[in-house]
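User: Can you walk me through this one? I'd like to see how its parts pack together.

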Amino acid sequence: MTADAAFAVQAQVAAAQPQGLARAVGEPILVVENVSLAFGGVKALQDVSFDVREREIRAIIGPNGAGKSSMLNVLNGVYHPQAGTIRLRVGEGWREFHDMDPHEAARLGIARTFQNIALFKGMTVLDNIMTGRNLKMRASFVEQALWLPRARREEYEHRRAVEEIIDFLEIQHIRKTPVGRLPYGLQKRVELARALAAEPRILLLDEPMAGMNLEEKQDMCRFILDVNEQFGTTIVLIEHDMGVVMDISDRVVVLDYGRKIGDGTPEEIRRNQAVIDAYLGVSH
Amino acid sequence: MLYREAGQFRTSYAEDQRIFPIRQDRVAIALLLAFAFFVVPAVASHYWLKALLIPFLILSLAALGLNILTGYAGQLSLGTAGFMAVGAFMAYNFELRLPELPILVSFALAGLCAAALGIVFGLPSLRIKGFYLAVATLACQFFVLWVLQRVGWFTNYSSSGVISAQEIVILGHTFDSAQEKYLLTLAIVALMALAAKNLMRSETGRAFMAVRDMDVAASVIGIPIMRTKLLAFAISSFYCGVAGALYAFCYLGTVEPEAFSLDLSFRVLFMIIIGGVGSILGSFLGAAFITLLPIFLNLVSGFLSHAFGVDVPHAWLSNIELIIFGALIVFFLIVEPHGLARLWQIGKEKLRLWPFPH
C-alpha cells in the first residue's frame, strides 16, 4: 500500500470516529496494523490494530497479562512482532515498519517510561534528565574531553532546556540528588522528565500512576494533561486506575488475552459488553 | 567553619557546572597542584620521587583508565596490565623505528594502539556481562604477554626479551633526573585527569553511566549501546596504554613483558575498588593507598622495632605488614563499600554543616 493510499484509509477511519473531542485532536500519527507477537507458545498479541491521532491521549487498558506492556514494547522497538506493521507519520509522509529498533524509535520522536522505573540509579536527577537529550548533542568526545567551546556551549544550552522541564514538573529541590535516594513517586516524575527532555512527538507511559497515593496520582494526572496541552504531545498510556483512564483519555483500546476487544471513547468502552465481561467475568 | 559555601551564589549554569563549584575546593586544588609542581621536586629525595611518587602517579593514571571502563561504563576488566604492556612496548618501538618522532607523540600513538586493541577485546562486552566479561578480558592479558614474549619484533629481537626505554627528549631537553621525570609524569597525569573529568561530566560520561545503570533504558532514549561500550573500552585502554608507556620510560627504564603480569592488573583493580568505583578522585586515593601504605607500614614497623629495641626477624616483619595491609583493606571495604572517595565526600558534607549535626 502506498503512503497516500494508507493516508486515505486512515482518513476514512478517522471520519468514522465520533467527533467533538475535548482538545484539538488531529489526524492519525501512528497506526498499528494486525500486529502479532508470540514468545514461544505464548501469544502475547494477536492481530491487534488501532491508531493514535495527533495530540490525543490514548489509553490502553486490560486485565493482567492482556499484552498492554508488550504493545508498548512493540511500539518503541524493544520487542519485534512476528507479523503486522507499524506506520508512523514523519513530516508529510509515512514510514512503515515491520519492527522498530529502540534507537530508531527514539530518533523518530517516540519516548517512553517504564512500568517498574528504569532510571539510572547512580546518577543525579539532573544527569538523568540530561541523558534524555543525548540525541540532540553534536560535540564529539574529543571536544568534550578538551572542554572546547562547542562541547561547553552544548552543556549549558541543554542544561537550560532541562531546567525548564525541571520547573514544569516541580522537581527543582531534588535536581542534584542521586535518584536512588528518592521516594517512588518522585522517581516516577523524574522518569517522565527524562522522557520529556527528548521533546518527543509521542510519549508512551507504562502505568505512570501505579503504586501512587491519591495525591501523587492527582499530581501525575495534572502533569500528563499539561504536557498534552502545552507541548501538544501525543500520549499513549497504560493505566489500571479506571477513574483516571475514563477522566483523562480521549480514546481507549481494550486488550484481553492479546486480542483487541474494544476501542472507542471512554463512554463507549463503559457500555461495551465484551469489556464488561472481560473485567467482571461471565457466568456460564 | 572554614568550609562554608554561604554567600557563594551561582548565577549561571556555567558557574553551577564547574568541576569545583565551591570556592574553598578551588583554592585547595590550586594549592595542592602548586605544592606538587613546585615544592615536592625541591624537597623530595631521589628515593621518594623514584620509588614512590612516580609509580604512584603512573598507577593512578592506570586506575583512572580502569575506572572509566569499570566504574563509569560498568564493564569489568582484568586486562589492564595487558593494555599497559601494549603502551610500553609500542612506545619503545615507535621511538626505535621512527627516532624523529617526538616522544610525546610516541606516547600518544602507543595509547592509540592500546585503544585499538581495547576495541577488539571489548567486542565480547556486546554479548556478555559481569564476571564472564572479566574472564574474556583475562584473555587479553595472557594474549598480549604471550605475543610480546614470542614475537621478537616487539622486543627488537633482544635475546633476554628485555627492552631498555630510550631517553626522554622533549624540545632538545633530556629528562633524565628523577625530578624531571616526576614533573613530566605529573604534568601528563594532571592533564589526562582533567580530560577524564571533562569527559565524565559531559554527554559521553552520562552515556557510560546510563549503560552501566540500565542498558535497556539507555537504548530506549537513543543511546547507542554498542558504540558506547566500545568507546569506553577505547578510552580506558588509551589511558592504560599511556600509563604503560610512562611506566616503562619514567619508572622502570628496562622492561620485560613479565612486568605487566596479571598481578599488576589485580593491583589496579584493587585500587579502584578501595579508592572508589566511578570516581576520578577515587583512582588517586586508591593508588595512594595501595602503593604508599605498604611503605608507610614498613617505616612504622622499622621505627617501632628500633624504638623498643626488639629484634624481630625481617621475614616476620614483612609478613606482619602484609597481614595489617590485608586487614586494613577488609576494614575499609566494610566501613565504606563505595571506597575512600565516598568517605571523603561524606567528610565534606559533614564539614559543611559543622558544628551543627544536621
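Analyst: Sure! One term to start with: two residues touch, or are in contact, when they have heavy atoms within 4.5 Å of each other. Also keep in mind that this is a predicted model.

User: Which residues does B:Leu61 touch, not counting residues up to four places away in sequence?

Analyst: B:Leu61 belongs to the largest nonpolar core, which has 110 residues, and is one of the five that touch the most other members. H3(B) gives this core its largest share, 15 residues. Leaving out residues up to four places away in sequence, the partners of B:Leu61 are B:Val189, B:Met192, B:Tyr239, B:Val242, B:Ala243 and B:Leu246.

User: How do H3(B) and H10(B) run, roughly parallel or roughly antiparallel?

Analyst: Look at helix H3 (residues 46-72) and helix H10 (residues 225-252) of chain B: their axes come within 7 Å and cross at roughly 170°. Angles over 145 degrees count as roughly antiparallel. So H3(B) and H10(B) are roughly antiparallel.

User: What classes of residues make the contact of H3(B) with H10(B)?

Analyst: On the H3(B) side you'll find B:Ile54 and B:Leu61, among others, and H10(B) brings residues including B:Tyr239 and B:Leu246. Sorted by class, the contact has 21 nonpolar, two polar and one charged residues.

User: Over in chain A, why is helix H2 largely enclosed by the rest of the structure?

Analyst: Helix H2 of chain A covers residues 68-75. Its buried residues include A:Met71, A:Leu72 and A:Val74. H2(A) is largely enclosed because the number of its eight residues that are buried is seven.

Technical notes
Residues are numbered from 1 along each chain as its sequence is written. Chains are lettered from A and ligands numbered from 1 in the order in which they are written. This is a predicted model: local features need pLDDT of at least 70, side-chain atom pairs count only at pLDDT 80 or more; totals for chains, interfaces and linings use all residues. Side-chain values use heavy atoms; hydrogens and water are left out. Axes are lines fitted to C-alpha atoms, for helices over the stretch in contact, and angles run from 0 to 180 degrees between N-to-C directions. Helices (H or I, at least four residues) and strands (E, at least two) are DSSP runs, numbered from the N terminus. Angles under 35 degrees count as roughly parallel, over 145 as roughly antiparallel, 65 to 115 as roughly perpendicular and the rest as oblique. Ala, Val, Leu, Ile, Met, Phe, Trp, Tyr, Cys and Pro count as nonpolar, Asp, Glu, Lys and Arg as charged, and the others, Gly among them, as polar. A nonpolar core is a set of buried Ala, Val, Leu, Ile, Met, Phe, Trp, Tyr and Cys residues joined through side-chain atoms within 4.5 Å. Buried means under 20% relative accessible area, exposed over 50%, partly exposed in between (1.4 Å probe, protein chains only).
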